[in-house]
Amino acid sequence: MTQPDMLRLLRDPNLIPPEKQNLLSDLAAQAASLGFSCYLVGGFVRDLLLRRPVKDLDFVVEGDAIKLGRMLVKKFGGKLTPHKKFHTAVWRLPSTFNLHPSFLDLITARKETYAYPGALPTVTPSTIENDLRRRDFTINALAVRLDGDRFGELLDPLNGQGDLEEGIVRVLHPRSFIDDPTRILRALRYEGRYSFDLDSLTSDLINSEALAILSQLSGERLRHELDLIFEEDQFARILLRAGKFGLLKSIHPKMPEFNQDYAGFLEMDNRLDVSADRRVMGYMLWFMNLSEEDVFSISSRLGFTNELTLSVWAAAQLKRSLPHLAGSKPSVWTYALEKLPLLSIYAVYLVSRENALLDYISMWRHVKPHTTGNDLLKRKLTPGPRFGDILSRLRAAWLDGEVQSLAQEKKLLERLLEERGAT
Ligand code: CTP
């Protein structure tokens, strides 16, 4: 791509909002005044070349990013959090910039080495060329220069542009997945997102050696990758591919294959705002058929929060109880469902189409008797478990159609109080 072509992309407001373009000019000018060359790299360049709106600004300087950050804060304001060990800094942008996200990572171009396979990398400042060569795939090993006259110059030492045009995800060297097996999941994520293909050598590198290292990774790192997959439109396809390559069983031997139908369940949902909870829904659907023991074991392997574990466990538990609950009265369903997270109930509804679950979500859970605890106090009833018993009995009567009016409820209340010798 020529410099003028790149300039057109960099100035396209549909790809980069004008506020971000201004920020880039400011960054470039300040970096140049320190004598640093600076670049946009990685996903930013990849998406720009694909004519997709860019997300984060992946910004790299050949020079001291922390020094640059201090200068930016002095000139524009905001706040800097330096990370000396990594030669990086996070600049919280001044609110006047009105930008989202409101943080910018300032990164020093670097080399990375891995103390052992799968370790987090050790970083040393280096050139942009080396910085590109430490990356995962050719399509991410791209940079656009920002400072001075070279604004808009594309750096593409590994023919990332060619692979983008052909739709190929290709590692930079044969040890890439050994160094960092999370890249296997990243490769499948790009493949699914852009409908690309893995280059055949890259695909061969997803072998038993790489999978053995993947199986040693921390739950947190793996879950982070799986969470990112759930953000993709093509998450089902990506997870299916992960299963085919044996990744899921390497993460945990009991991890089931993902089922394409689950994607459909999420798409057709329009009753709850599941887009915000797609990840939780996804995990619930995925692990719902597992035994209690396996749910806990996989949740612990993936470092799920207690809340997520509870949601998955509740969905699995409910799914197992469905045959026993089928045909029960509404009050029995309500009693059984009341303590479970709503989203777990909804997930089980999606796979079972048990109408009682939907009735519970849309109606039964809201049913309450008119009588309150206060009313019982007024009737000189001493607070205690009997309070709860009477109120749930009244609620059950409403749920099951035994009472249908306030008068009927009052009549039942009188009877219950009499039965209990409380008047
Ligand atoms: N990277 C890498 N190896 C990893 C993770 C990241 O080499 N295991 C590099 C890639 O060059 C990537 C960059 O770091 O482009 C930034 O990573 P990230 O923000 O995760 O990815 P993006 O490229 O921004 O892609 P996405 O659209 O998925 O966020």
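Start by colouring domain 1 and domain 2: their C-alpha centres lie 25 Å apart. The bounds to type in are 1-165 for domain 1 and 167-251 for domain 2, and the assignment also gives domain 3 (252-366) and domain 4 (373-419). These bounds come from an automatic or database domain assignment.

Before you go on, a word on what you have open. This is a predicted model, where local features need pLDDT of at least 70 and side-chain atom pairs count only at pLDDT 80 or more, while totals for chains, interfaces and linings use all residues. Residues are numbered from 1 along each chain as its sequence is written, and side-chain values use heavy atoms, with hydrogens and water left out.

**Stop one: where the two domains meet**

Show the residues on both sides of the boundary. You should find 24 residues of domain 1 in contact with 23 residues of domain 2, contact being heavy atoms within 4.5 Å. Together the two domains bury about 1,800 Å², with 55% of that on carbon and sulfur atoms. Buried area here is the accessible area (1.4 Å probe) that two parts lose on being put together, summed over both.

Now pick Asp136, Phe137 and Asp163: in domain 1 they lose the most area to domain 2, together 32% of what that side buries.

Keep Asp136 selected and add Arg186. The pair forms a salt bridge, with the closest N and O atoms 2.9 Å apart. The rule (a side-chain nitrogen of Lys or Arg within 4 Å of a carboxyl oxygen of Asp or Glu) finds two salt bridges across this interface.

Which helices should you highlight on the domain 1 side? Try H3 (43-49), H5 (128-133) and H6 (160-166), the elements that give two or more residues to the side touching domain 2. H6 supplies the largest share, three residues. Helices (H or I, at least four residues) and strands (E, at least two) are DSSP runs, numbered from the N terminus.

**Stop two: the ligand**

Centre on the ligand next. It is surrounded by 15 residues, and the closest are Arg46, Asp136, Asp180, Arg189 and Arg193; a residue counts if one of its heavy atoms lies within 4 Å.

Asp136 turns up again here: a polar atom of its backbone is 2.8 Å from an oxygen atom of the ligand. Then click on Asp180, where a polar side-chain atom lies 2.7 Å from a ligand nitrogen atom. Arg183 has a side-chain N or O atom 3.2 Å from a nitrogen atom of the ligand.

**Stop three: a loop to zoom in on**

Finally, go to the loop between strand E4 (88-92) and strand E5 (103-108), where Pro101 lies. A cis peptide bond joins His100 and Pro101, with omega about -5°. Asn98 is in the loop between E4 and E5 too, and has a positive phi of about 50° although it is not a glycine.

Notes:
A polar contact is a pair of N or O atoms within 3.5 Å; within protein, one must be able to donate a hydrogen and the other to accept it, and residues adjacent in sequence count only if both atoms are side-chain atoms.
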